[in-house]
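Open the model in your viewer and keep the selection tool ready. This tour goes stop by stop, from single residues out to the whole chain and back to the ligand.

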Amino acid sequence: MEKYDVLIVGGSTTGCWFADRMAQTGARVLVIEKQLPENVSREYDIFHMGEEDMKRFGLEIPEEGNPVRGFRYEHSNMISPYGTYRKKGADSPVIGLHKHDYIMLMAEKAQKSGAEFIYGAAFTDFIYEQGKIVGARYKTADGEQEVYAKIVADCSGIPSVARTKLPGTSAVCNFRLTPRDIFYVVLYYIKYVDKDVDPRALDGFFMQYKAWSAPAGEGYDAILGIGGSYSYEYSEEIFNAHYSRNVKYPEYTVEKVEKGMTPYHRSVYSFVDDGFIAMGDAACLTKPTCGEGCTSSLVQAEIAVDVISKLLKADLPLSKENMWSINKRYMVAQGKGFDFMRPLLIGVVGLNYDEAEYMFENEIVFSEALFNSMDGEDLNLKLDVVAKWLAGIAKGVANKKIRASAVGKVIKGLKQALEIAVLYDKYPDTPHGFSEWRAKADKKWTEIGSLADTCDPEIMEKLGY
Ligand SMILES: Cc1cc2nc3c(=O)[nH]c(=O)nc-3n(C[C@H](O)[C@H](O)[C@H](O)COP(=O)(O)OP(=O)(O)OC[C@H]3O[C@@H](n4cnc5c(N)ncnc54)[C@H](O)[C@@H]3O)c2cc1C
């Protein structure tokens with residue numbers, strides 16, 4: 001029977017990167033990927049990553065002219081609901097890439113480092129011995145196969161095929177993502193009718209619609225994208241009924257439409273259990289502001305490589321206890337920052353467009369200070385900034401620019417965000433005390449609810465939800 005150190009389920013961005021790094025440490029690594037190579041990650045074409053993040057994680061940056069590369073741009077803007085006010089985001093160049101081709105490059109690199117890949121191999125279940133995970137079963141065109149490994153890493157994205165098979169008693173949550181926990185993203189690849197339009201001058205993100213204009217690579221002027229809860233139909237309705245109506249773009253033609261899903265859910269509380277780790281979208285590691293997850297997943301993966309490779313070298317078991325530091329270190333590096341943002345965002349998207357426009361104008365919440373620190377790792381939300389926002393809100397209410405009920409939502413979001421930060425600071429150093437912490441966290445997240453709760457009631461009714 002084949003025996004590996006690490007079995008990775010899913011060979012997309014997270015799985016390939018983890019495979020490469022673990023193989024580089026000398027571990028014996030196998031990746032099983034459900035799709036055949038030509039079909040891996042075909043849902044959408046263009047994705048992007050921050051150039052600094054790519055350098056940090058040792059991701060190859062294809063040269064200009066390389067067909068894998070789409071484009072490079074300097075920074076993005078956050079734009080007010082009617083398109084009047086633009087707040088400049090952090091000044092960090094972004095590289096656009098063709099996703100399928102880039103993943104195949106990542107897989108090739110991992111194979112050169114020694115990782116083995118089996119394509120057309122779908123995980124079906126764990127193999128247990130004495131109650132412990134010791135490997136997995138998977139299906140190929142030739143039938144069911146078995147493989148043994150010291151750890152199974154779930155990098156299977158939204159379906160979370162391995163994590164959702166864990167028993168309810170596991171430290172790792174085994175929930176399935178529902179349509180409320182997913183962002184349904186629709187990408188319109190467009191061309192402007194007037195060739196003199198500068199598409200880059202129109203680029204930016206509109207938080208109120210969860211919509212954006214961004215470069216699209218060769219052949220198109222821009223991607224107009226939108227994400228929403230529940231379904232693609234919901235996102236398309238918001239695009240047509242709100243975004244396109246309120247934000248005036250020069251006349252354009254839609255050349256191509258792509259659709260894809262990304263998780264929009266707090267990360268799992270514990271990634272690890274005996275012989276198991278959840279990673280990437282399967283652990284809900286996407287950015288709360290935009291749903292991107294390719295590099296944010298690697299923050300956890302990098303910690304995991306460090307901890308797991310040391311345990312393997314010391315011939316120590318890959319147990320929940322021995323790997324617990326992955327949880328704690330991730331919480332400090334990124335988890336607290338990301339989950340702090342979630343309730344705050346629920347609060348601010350509850351504002352109507354006029355209120356949000358006023359707040360953009362007056363640097364209340366929608367301020368350059370916030371957008372420059374929105375990558376989650378360092379929020380820098382100082383008390384004097386919060387105090388300035390509160391004073392601005394009070395003035396807005398007095399001038400009848402903001403409804404008191406909307407203020408209530410923002411303040412509630414801010415309060416819950418701070419409560420999450422305090423709770424996450426107390427994340428246990430060992431599995432001891434985790435059950436109590438988890439019960440408190442569950443209670444808090446039930447109170448917070450979901451961004452899906454802020455969906456437009458009229459559209460919800462129209463779609464029969
Ligand atoms: C339209 C759209 C645009 C996006 N743009 C960006 C962007 O610009 N930048 C960014 O950082 N993020 C972006 N994201 C998010 C990004 O796509 C994900 O966060 C990222 O792909 C997660 O990578 P992953 O490897 O964890 O999971 P996935 O990419 O979902 O990969 C999971 C892999 O597991 C395989 N698999 C599934 N089931 C099984 C099974 N049973 N057995 C074996 N293998 C299995 C799948 O075939 C797949 O290859 C976007 C998402 C969408 C929908």
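Two residues are in contact if their C-beta atoms, placed from the backbone, lie within 7 Å. This is a predicted model: local features need pLDDT of at least 70, side-chain atom pairs count only at pLDDT 80 or more, and totals for chains, interfaces and linings use all residues. Residues are numbered from 1 along each chain as its sequence is written.

**Stop 1: strand 10**

Select G135. G135 sits in strand 10. (Strands are DSSP runs of E, at least two residues; helices are runs of H or I, at least four residues; both are numbered from the N terminus.) Which residues is G135 in contact with, leaving aside its neighbours within four places in sequence? They are L7, I127, E146, V147, Y148 and A149. Now add Y4: G135 and Y4 are 131 residues apart in sequence, but 8.8 Å apart in space, C-alpha to C-alpha.

Is G135 buried or exposed? A residue is buried if 20 or more other C-beta atoms lie within 10 Å of its own, exposed if 12 or fewer, and partly exposed in between, with C-beta atoms placed from the backbone. G135 has 22 such atoms, so it is buried.

Stay in strand 10 (residues 132-140) and select Y138. Y138 also counts as buried, because it has 23 C-beta neighbours inside 10 Å. Beyond its neighbours within four places in sequence, Y138 contacts I32, A121, A122, F123, T124 and Q145. V9 is 129 residues from Y138 along the chain, yet their C-alpha atoms are separated by 9.6 Å.

**Stop 2: helix 5**

Select residues 296-313. These 18 residues form helix 5, and at 1.5 Å times one less than the number of residues they should span 26 Å. The end C-alpha atoms are 27 Å apart, which agrees. Colour the buried residues of helix 5: S296, S297, L298, V299, Q300, A301, I303, A304, V305 and I308. An α-helix has 3.6 residues a turn, so residues three or four places apart point the same way. What covers the buried residues of helix 5? The cover includes helix 1, strand 11 (143-154), strand 18 (276-278) and helix 6 (320-348).

**Stop 3: two positive phi angles**

Most residues other than glycine have a negative phi. Go to D315, in the loop between helix 5 and helix 6. D315 is not a glycine, but its phi is positive, about 55°. D315 is exposed, because 6 other C-beta atoms lie within 10 Å.

Next, select S41, in the loop between strand 2 and strand 3. S41 has a positive phi too, near 45°. S41 has 21 other C-beta atoms within 10 Å, so it is buried.

**Stop 4: helix 7**

Select residues 353-361, which make up helix 7. E355, A356, E357, Y358, M359 and F360 are buried here. They pack against helix 9 (383-398) and helix 10 (404-425). Step past the helix to E363, where phi is positive, near 60°.

**Stop 5: the whole protein**

Zoom out. The protein has twelve helices and 18 strands. Its radius of gyration, taken over C-alpha atoms, is 22 Å; the globule rule (2.2 Å times the number of residues to the power 0.38) gives 23 Å for 465 residues, so the protein is as compact as a globular protein of that length. The C-alpha atoms fill a box of roughly 70 × 55 × 40 Å along the principal axes. Buried residues make up 45% of the 465 residues.

Colour by domain, with bounds from an automatic or database domain assignment. The assignment gives domain 1 (3-73 + 94-177 + 265-335), domain 2 (180-263) and domain 3 (336-462). The centres of domain 2 and domain 3, taken over C-alpha atoms, are 25 Å apart. Their contact takes ten residues from domain 2 and nine residues from domain 3.

**Stop 6: the ligand**

Finish at the ligand. How many residues surround the ligand? There are 37 (a residue counts if its C-beta atom, placed from the backbone, lies within 6 Å). The closest are G10, G157, G260, G280 and G293. Domain 1 and domain 2 both give residues to this shell, so the ligand lies between them. Among the elements that each supply at least two shell residues are helix 1 (13-24), strand 9 (122-129) and strand 16 (252-263).
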